[in-house]
Amino acid sequence: MASSRPQTDADRRSRNEPAAPAVTVHGAPVLAAVSVDACNSQIREEDGFVGDRARRAAFFDILDRWRNLARRPAKALGDTPTADLSKTLLDELLVEGKPHEQALIFSAVEDYASELIVVIRRLLRTREWRDTQRIVVGGGLKGGRFAEIAIARAELIARADGIEIELVPIRAEPDEAGLIGAVHLAPSWMFASFDHILAVDIGGTNIRAGIVKLNLDKAEDLSKARVAAMELWRHAEEKLTRDAAVDRLAGMLGTLIEQAEAQGFNLAPFIGIGCPGAIAPDGAIETGAQNLPGNWESRRFNLPTALWEAIPAIGGRETTLVMHNDAVVQGLSEVPFMGDVERWGVITIGTGLGNARFTNRSHPNAEETAARERHDDKRKAGKDKSGKEAGKKDKGEKDKG
């Protein structure tokens, strides 16, 4: 009978098959800039998980209830089902809608803010989230102005209840935060030699892959890292197997590698991945991947290994892959801006409600150190070149004399 044990790198080596290099730990609890105190916290209540109260669909369920209660219909919404309403349209109604249409949106915002605080209050009661000073709110819903108002309203509700917590929207665009955060998964030595990395952000609805420019010459703390190119695939609209989805993702990355070569990017042989669920040290997904196409929690499946087999090298150098929980990676995009607090967290509002809690590490940031060394090397090289040119000029003048 065939064994259900997952295939390890040792198994592959015994059959002379290539194995991904074991140079790092996936889902690591300690990263260069922060310790990950908790992620993917699942708090149950009678009807399911507490986090379901504040996921993206919860807001539209609340809006739908108010829409059905309203005596006068919001003509601007037409006959469009509530779940299909665009964030842009809702934002326009907040500013330009008629009073009863604005009241509809504000009612939903108020109720949703109350549900969000229920979730946050339950998280703060756990040992891992105790004494949290700030929570960053990201995810797809954050892209709407109405959602930012809900976040601000939730903070006021918390303070009225005696909870001293700061709630802020994530700075990066929703489509980009999970890609930018991946730079904080990269080993620090890469920052001394490369300008760009590849990043993957896997969600329950979309999969994004991108090239992230580090911009270390502008900011050594990576606060200026930006997405230089991105591929987006709405996988929820298609019915694909897991293996077909991985092949599609590998193709997206291949396209980005070709683009990087064409544009002359100094691309690191590294891929940082954010993926839903609890990530084991070997890269297996233990739980939480139920919204992805196919069974990603199978003991026979390992996403980092599958991608390494598809892309074993980048620019002639062996590829290194690091994977972590998607909420962790999205939260990492805020690392450069969290120096004024010690304990902070992130909540991502999307198909589900992701969450992660961090404690800043007190030692010097390894990325900054590597960037500084790189800057010093460039400056030294520039001085050496100037000195040599000056020496040649002096020698030439002496020869003429």
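I count two strands as paired if DSSP finds at least two bridges between them. With that criterion I went through this structure, which is a predicted model.

**Entry 1. Overall make-up**

I listed the secondary structure and found 10 helices and 16 strands in the protein. I then looked up burial: buried residues make up 48% of the 401 residues. For contacts I took those with a separation of 6 or more, and 70% of them join residues 24 or more positions apart.

**Entry 2. The sheet that holds β15 and β16**

I traced an open sheet of 5 strands and noted its order as β1-β16-β15-β4-β5, with mixed pairing. Which strands stand at the edges? I found β1 (34–39) and β5 (166–169) there; each has a single partner strand, so one side of each is left without a neighbour in the sheet. From one strand to the next, I recorded an average twist of 25°.

I next followed the pairing around β16. Between β15 and β16 I counted 7 bridges in the antiparallel sense, and I noted that a hairpin of 3 residues joins β15 to β16. Within this region T348 stands opposite G354 in β16. On the β1 side, I found β1 and β16 running antiparallel and joined by 5 bridges. I checked the partners of T359 in β16 as well: S35 has T359 as its bridge partner, and R343 also has T359 as its bridge partner.

Is β16 mostly covered or mostly open? I found it mostly covered, with 7 of its 8 residues buried. I also looked for a helix packed on this sheet. Helix α4 lies across β4 (134–138), β5, β15 and β16, and its direction makes an angle of about 135° with β15.

**Entry 3. The sheet that holds β6 to β9 and β14**

I traced another open sheet, also of 5 strands and with mixed pairing, in the order β8-β7-β6-β9-β14. I noted β8 (226–233) and β14 (320–325) at its edges; because each has a single partner strand, one side of each is left without a neighbour in the sheet. Direction ignored, I recorded an average turn of 20° between neighbouring strands of this sheet.

I examined the pairing of β7 (residues 207–213) with β8 and counted 7 bridges in the antiparallel sense. Here V212 stands opposite V227 in β8. Which helix lies across β6, β9 and β14? I identified helix α8 (residues 303–310), which lies across β6, β9 (267–275) and β14 and runs at about 150° to β14.

**Entry 4. The largest pocket**

I looked up the volume of the largest pocket and noted about 1200 Å³ of space. I found that 48 residues line this pocket, and that those closest to its centre are G204, I349, G350, T351 and G352.

Which elements each supply at least two residues of the lining? I listed the helices α2 (56–69), α4 (99–124), α6 (174–180) and α9 (326–332), together with the strands β6 (196–202), β15 (343–349) and β16 (353–360). I therefore meet β15 and β16 again here, as contributors to the lining and as partners in the antiparallel pairing of Entry 2. Strand β6, also a contributor to the lining, belongs to the sheet of Entry 3.

I closed with the composition of the lining: 14 residues are nonpolar, 23 polar and 11 charged.

How values were computed: Residues numbered from 1 in each chain as written. Predicted model: local features only at pLDDT ≥ 70, side-chain atom pairs only at ≥ 80, totals over all residues. Heavy atoms only, no water. 1 Å grid on protein atoms, 1.4 Å probe; cavity = no way out; pocket = protein on both sides within 12 Å on 5 of 7 lines; lining within 4 Å. Points joined across faces, edges and corners; volume = space filled by probe spheres on them. Helix = DSSP H or I, 4+ residues; strand = E, 2+ residues; numbered from the N terminus. Nonpolar A, V, L, I, M, F, W, Y, C, P; charged D, E, K, R; others polar. Axes fitted to C-alpha atoms, helices over the stretch in contact; angles between N-to-C directions. Contact = heavy atoms within 4.5 Å. Buried < 20%, exposed > 50% of the residue type's maximum accessible area, 1.4 Å probe, protein only.
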